[in-house]
Amino acid sequence: MKRRLLVITLFCAMLLALTGCIGQAAAETVDQTFTLRTGVVDGRMAFIGVNGAIDGVVNPDLIVQRGERVRITIVNGDGVSHDLALPDLAAKTPLVSAKEQTTAVTFTAGADSVYAYLCTVAGHRQAGMEGRLVVTP
Ligand SMILES: [Cu+2]
């Protein structure tokens, strides 16, 4: 009987530890999230805002506050290889090549300034895939 109690207690402790770990992994706190979909607008390649204030806006300004954790998700809307990089913040998503594939990058908006976001695939920035991350004080 005592032994059974011990087993149950151990099992509960294990369960608690396990759920604690899972909770921690899922709780990466992000202050601002943006979603951009790749596509072509008026013959130019572009990042198109999805949801919120940037919905439907071509290469929208992404406005954040200094020190915020920011996540930018891109959705491949055209089946062409793309990524999204902020070279001045050393932040970059992996490439997404298949249509509807998504990827994301998370970074901290350190100092207030204006940073370019762009696609690093050759020729895509020149073809239109460039916008601004505006970090306000
Ligand atoms: Cu691209």
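D78 is partly exposed, because 13 other C-beta atoms sit within 10 Å of its own. That's our way into this structure, which is a predicted model. The chain has one helix and nine strands, and buried residues make up 25% of its 137 residues. Let's start at D78, then move on to the sheet, the core and the loops.

**Around D78 and G77**

- D78 is found in the loop between β4 and β5, and G77 is in the loop between β4 and β5 too.
- Is G77 buried or exposed? G77 counts as buried, because it has 20 C-beta neighbours inside 10 Å, and a residue needs 20 or more to be called buried.
- D78 has 13 of these neighbours, so it lands in the class between exposed (12 or fewer) and buried (20 or more).
- Which residues does D78 touch, once you skip those up to four places away in sequence? They are T38, G39, V40 and K99.
- With the same kind of neighbours skipped, G77 touches R37, T38 and G39.
- T38 is 40 residues away from D78 along the chain, yet the C-alpha atoms of the two are separated by 6.4 Å.
- G77 and S97 are 20 residues apart along the chain, and 9.7 Å separates their C-alpha atoms.

**How the chain is laid out**

- Start at the N terminus and you'll read the elements as α-β-β-β-β-β-β-β-β-β.
- Take the contacts in the chain with a separation of 6 or more: 58% of them are between residues 24 or more positions apart.

**The four-stranded sheet**

- In what order do the strands of the open sheet line up? The four strands go β2-β1-β4-β7, and the pairing is mixed.
- The edges are β2 (44-50) and β7, each of which pairs on one side only.
- From one strand to the next, the twist averages 25 degrees.
- β1 and β2 pair in the antiparallel sense over seven bridges. V41 has R44 in β2 as its bridge partner.
- β1 (residues 32-41) pairs with β4 (residues 69-75) in the parallel sense, over six bridges. To find this pairing in the model, look for T33 opposite R71 in β4, or L36 opposite I74 in β4.
- β4 also pairs with β7 (residues 102-108), in the antiparallel sense and over seven bridges. Here T73 stands opposite A104 in β7.
- A handy thing to know while you look: side chains in a regular strand alternate between the two faces of the sheet.

**The nonpolar core**

- The largest nonpolar core has 24 residues, and the ones touching the most other members are L36, I72, I74, L84, Y117, M129 and L133.
- Which elements give two or more residues to this core? They are β1, β2, β4, β8 (114-118) and β9 (130-136).
- L36 is a good residue to click on: leaving aside its neighbours within four places in sequence, it is in contact with F47, I48, G49, V50, I72, I74 and L84.
- Two of those contacts, I72 and I74, are also on the list of residues that touch the most other core members. I74 is the residue opposite L36 in β4, too.

**Turns and loops with a positive phi**

- Some background first: most residues other than glycine have a negative phi.
- D42 takes a positive phi near 50 degrees, in the hairpin of β1 and β2. This hairpin has two residues between the strands.
- N51 isn't a glycine either, and its phi is positive, near 70 degrees. You'll find N51 in the loop between β2 and β3 (62-65).
- E100 has a positive phi of about 75 degrees, and it is not a glycine. E100 lies in the loop between β6 (91-92) and β7.
- Why does N51 count as exposed? It has 10 C-beta neighbours inside 10 Å, and 12 or fewer is the cut-off for exposed.
- E100 is exposed as well, because 10 other C-beta atoms are within 10 Å of its own.

Conventions. Residues numbered from 1 in each chain as written. Predicted model: local features only at pLDDT ≥ 70, side-chain atom pairs only at ≥ 80, totals over all residues. Pairing = 2+ DSSP bridges. Axes fitted to C-alpha atoms, helices over the stretch in contact; angles between N-to-C directions. Core = buried A, V, L, I, M, F, W, Y, C linked by C-beta atoms within 7 Å. Contact = placed C-beta atoms within 7 Å.
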